[in-house]
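Me: I have a model open and want to learn how to read its backbone and its ligand site. Where do we begin?

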Amino acid sequence: MRPDPPVFSLISRFQQGGGFLKRLTAKTADRHWLYERSVQNPDQEIPFIRRVFKREYGRHPRFLREDFCGTALLSCRWVAAHGGHTALGVDIHGPTLDWGRRHNLKPLGTAAQRVTLVQDDVRHVSRPRADVISAQNFSWWTFKTRRELSGYLHNCRRSLRDEGMLLLDIYGGPEAQVPQLEEREQDGWTYVWDQDTFNPITHEIRCLIHFKFPDRSQLKRAFRYDWRLWTLPETRDLLEEVGFRKVVAYWEIADGDGEPSGIFRPGTRGDLAPAWVAYLLAYR
Ligand SMILES: C[S@@+](CC[C@H](N)C(=O)[O-])C[C@H]1O[C@@H](n2cnc3c(N)ncnc32)[C@H](O)[C@@H]1O
């Protein structure tokens, strides 16, 4: 079993290396830029998506829909990774999509033509049907009732091609229910994951992201999430109820020192980590 890993390090499970900006301050920094580098790592996620899809269907996926895409980093890296890849990013927030257009799509050049961004509720988009739908960084926890989440998952299923796969990430463990602050040093700033409140009756959880800088300035509440902390078995049940043929949990294995390795394997028995991140893969 791995030693007590802080929740934040699991949330940013694929840490990025190599920053170069040392003189960031709350005034000069851009919260989306910081978020992408603190939390996301599409360069590890894309090979994972390709591998688990191919394991099921014997071919690589081509068309990715990124739900809750935010700045569409994953979509942009997806099309950059392969000339045959196309992507559809869906997010409800226009200004965040605009940021992604400026900072992620534009640098792609002609490959940007293979990315479509749609400003809408993810529950309202079902065409064109995708090989893969990815809903990451727990964004699907925005749906707090069984009816809402079920409606979303049902829409995902009907948005997939016959050979299609939905990827959800999920975290849990006893520490996931404990209000706490966790800090991680980045190259030029500190990322702070703030599990602010948790209600054990409803499982509603409020989380915040703050950034701190070497000059002691701070971007407090740069991001705020009002979620329901869904458990893995209830999510699996819902995926099966809406008709997914096969649901597989990918659990993160520990490295030689008992630390989270960033490597996920299909499994039916998890270790008793105080906090963990896993993937649920649902095959249409
Ligand atoms: C945690 S961010 C995810 C950003 C990025 N995709 C990632 O993996 O880190 C959540 C995003 O979901 C969007 N969002 C929330 N509810 C939504 C909904 N019902 N439909 C579409 N987008 C939604 C927000 O605008 C926000 O950009």
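Reply: We begin with a loop. The model is predicted, and N137 is placed in the loop between β4 and α6 (146-159).

Me: What is the sign of phi at N137?

Reply: Phi of N137 is positive, near 55°, and N137 is a residue other than glycine. N137 also belongs to the residues closest to the ligand, together with Y35, F68, D91 and V122.

Me: Which peptide bond is cis?

Reply: For a peptide bond, read omega. The bond from R127 to P128 is cis, with omega near -5°. P128 lies in the loop between β3 (115-119) and β4 (130-135).

Me: How do I read the largest pocket, and what is its volume?

Reply: Start with volume, then go to the lining. The largest pocket has a volume of about 780 Å³. Its lining comprises 32 residues, and those closest to the centre are F68, G70, D91, S139 and Y225.

Me: Which helices and strands each supply at least two residues of that lining?

Reply: They are α2 (31-39), β1 (63-67), β2 (86-91) and β9 (218-228). β9 gives the most, with five residues.

Me: How does the lining of the largest pocket divide by class?

Reply: The lining has 11 nonpolar, 11 polar and 10 charged residues.

Me: Where is the ligand relative to this pocket?

Reply: The space taken by the ligand is the largest pocket. In all, 16 residues surround the ligand. By class, this shell has six nonpolar, six polar and four charged residues.

Me: Which atoms of F68, D121 and V122 lie at short range from a nitrogen atom of the ligand?

Reply: Take each pair in turn, noting backbone or side chain. With F68, a backbone N or O atom lies 2.6 Å from a ligand nitrogen atom. With V122, a polar backbone atom is 3.0 Å from a nitrogen atom of the ligand. With D121, a polar side-chain atom lies 3.4 Å from a nitrogen atom of the ligand.

Me: How much of the ligand does the protein bury?

Reply: Compare the ligand alone with the ligand in place. Alone, the ligand exposes 610 Å², and the protein buries 85% of that.

How values were computed: Residues numbered from 1 in each chain as written. Predicted model: local features only at pLDDT ≥ 70, side-chain atom pairs only at ≥ 80, totals over all residues. Heavy atoms only, no water. 1 Å grid on protein atoms, 1.4 Å probe; cavity = no way out; pocket = protein on both sides within 12 Å on 5 of 7 lines; lining within 4 Å. Points joined across faces, edges and corners; volume = space filled by probe spheres on them. Helix = DSSP H or I, 4+ residues; strand = E, 2+ residues; numbered from the N terminus. Nonpolar A, V, L, I, M, F, W, Y, C, P; charged D, E, K, R; others polar. Near = heavy atom within 4 Å. Polar contact = N/O pair within 3.5 Å; in protein donor to acceptor, adjacent residues only side chain to side chain. Areas by Shrake-Rupley, 256 points an atom, 1.4 Å probe, with all protein chains shown as cover. Sits in = over half its atoms within 2 Å of the grid points.
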